[in-house]
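Subject: Handing over the structure, with notes on one strand and the cavities

Dear colleague,

I am passing the structure on to you, and I would be glad if you could look through it before reading my notes underneath.

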Amino acid sequence: MARLEIKNREARWLWLGAQGLGATPTGRLDLPGLVERLGLVQLDTIQVVARAHHHILWSRNQNYREKQLDRLYHARQVFEHFTHDASILPMSLLPLWQRQFARMRGKIERSNWWGMTADNPEIAAVRDRIAADGPLCSADFEAEAPKSKEMWARPAHKKALDYLWYAGDLATCHRRGFTKMYDLGERVFPPCAALSEAAQVDGLHRAALDRMAFGTLGEVRKYWEATEVKEVKAWGETADVVPLRVQTADGGWYDAVGAADIEDRLAGLQRPSSRLRILNPFDPVIRDRVRLERLFGFDYRNEMFVPAAKRIWGYYVFPLLEGDRLVGRLEAKAFRAEDRLDVLRVWPEPGVKWQAARWAKLEAELERLARFVGVRALRWCCERGAARPR
């Protein structure tokens, strides 16, 4: 079959539209539908401005507020587990996720992570305590503070909680602030259909491709990080997908596959909103750095764990999306106790002209972001309206 060719601009429009970044981020908020559409929302402890999961949701609909996510936990419309990292997932994925519970349990036991195996008495003790007492957090288990901060030096109850959570025996029933509350999986997860291993693999790959619109088989596998390379390769040989040639930002081409309805998506393609958005570093559109550079020509890396002297940009840098282009980077920090958001630095992308209208868009979005995180003042700590290359 001849490969359908998709030009770079079409590819960017497809990807942004599939990920909820095509339309203006206003209107009625359907939060369960938004989480369903994304498939996963990464959790992260860092709160420079807002925690990643809240920022990601707000970027797509600015009527979102942090407390609204709690309702989805209590209504059992979402669950938490490990994809490429700890993430929030729609409960509709639970039938496809049973193998991931088993995979993670197997990885822990085969590698003897933290000295935990199924017969470790601490595991039974932790599970029995939660079964008897109901939802608990790690702090509810008394333990002597470890002398080292290394993963293997953590208290035994924390290792047991992780083991049981990865295996699906415990689940996050809700959070208090960012504190994870654990309960028995059987009290959190609703009954779900028992699917064969093959059906789960097929379903995971289809679900990923649907949320991507198109991608290489490697990108499809990386969406959930819940299957193996050999599994996605075998799936690609038999699945009902459309072979594609996709143009890169620099004019090259690469082979990919598209969702079965890719031609209908192309026929209904709409130009993304010209709104300028401040994206989180853990946003699904940013997370796959290879795909990001391939489609947008945007070279990005997280530098939170890079020594300050070796950082190219900064500790926590937000990509700036305008329409279908990534036009710059921003470093900002919220000071809630002082009721303000500081703009530390702005870097326009090479070749992108930042005139008065674009700076005005950025300032308007910063003011909206400040309101979202609950601060009133916006302070510029760099020269406003001037390029700040490094």
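What follows is a short account of one strand and its partners, and then of the cavities.

Please keep in mind that this is a predicted model, and that every value below was computed from it.

I began with strand β11, which covers residues 317-322. With 6 of its 6 residues buried, that is, each under 20% relative accessible area, the strand is largely enclosed by the rest of the structure. The burial holds on both sides of β11, since Val317, Pro319 and Leu321 point one way while Phe318, Leu320 and Glu322 point the other, and all are buried. You may want to find Glu322 in the viewer, as this residue belongs to the charged class and is nevertheless among those buried in β11.

The strand has a partner in β10 (residues 276-278), with which it pairs in the antiparallel sense over 3 bridges; within that pairing, arginine 277 has leucine 321 of β11 as its bridge partner. Strand β12 (residues 325-335) also pairs with β11 in the antiparallel sense, here over 6 bridges, and in this pairing phenylalanine 318 stands opposite leucine 330. β11 and β12 together form a hairpin with 2 residues between them, and glycine 323, which sits in the turn, has a positive phi of about 60 degrees.

I then turned to the enclosed spaces, where the count comes to 2 cavities of 30 Å³ or more. The largest cavity has a volume of about 70 Å³, and its lining consists of Trp15, Met212, Glu219, Lys222, Tyr223, Pro284, Arg287, Asp288 and Arg291. Helices α10 (217-224) and α13 (284-287) each supply at least two residues of this lining, and the largest share, 3 residues, comes from α10. Sorted by class, the lining of the largest cavity has 4 nonpolar, no polar and 5 charged residues. Both domain 1 (4-11 + 196-268) and domain 3 (276-380) contribute at least three residues each to the lining of the largest cavity.

The second largest cavity holds about 30 Å³ of space, and it is lined by Tyr300, Arg301, Asn302, Glu303, Met304, Trp313, Gly314, Tyr315, Tyr316 and Val317. By class, its lining has 6 nonpolar, 2 polar and 2 charged residues. This cavity also leads back to the strand described above, for Val317 is one of its lining residues and is likewise one of the buried residues of β11.

With best wishes

Note on methods
Residues numbered from 1 in each chain as written. Predicted model: local features only at pLDDT ≥ 70, side-chain atom pairs only at ≥ 80, totals over all residues. Heavy atoms only, no water. Buried < 20%, exposed > 50% of the residue type's maximum accessible area, 1.4 Å probe, protein only. Helix = DSSP H or I, 4+ residues; strand = E, 2+ residues; numbered from the N terminus. Pairing = 2+ DSSP bridges. 1 Å grid on protein atoms, 1.4 Å probe; cavity = no way out; pocket = protein on both sides within 12 Å on 5 of 7 lines; lining within 4 Å. Points joined across faces, edges and corners; volume = space filled by probe spheres on them. Domains from an automatic or database assignment.
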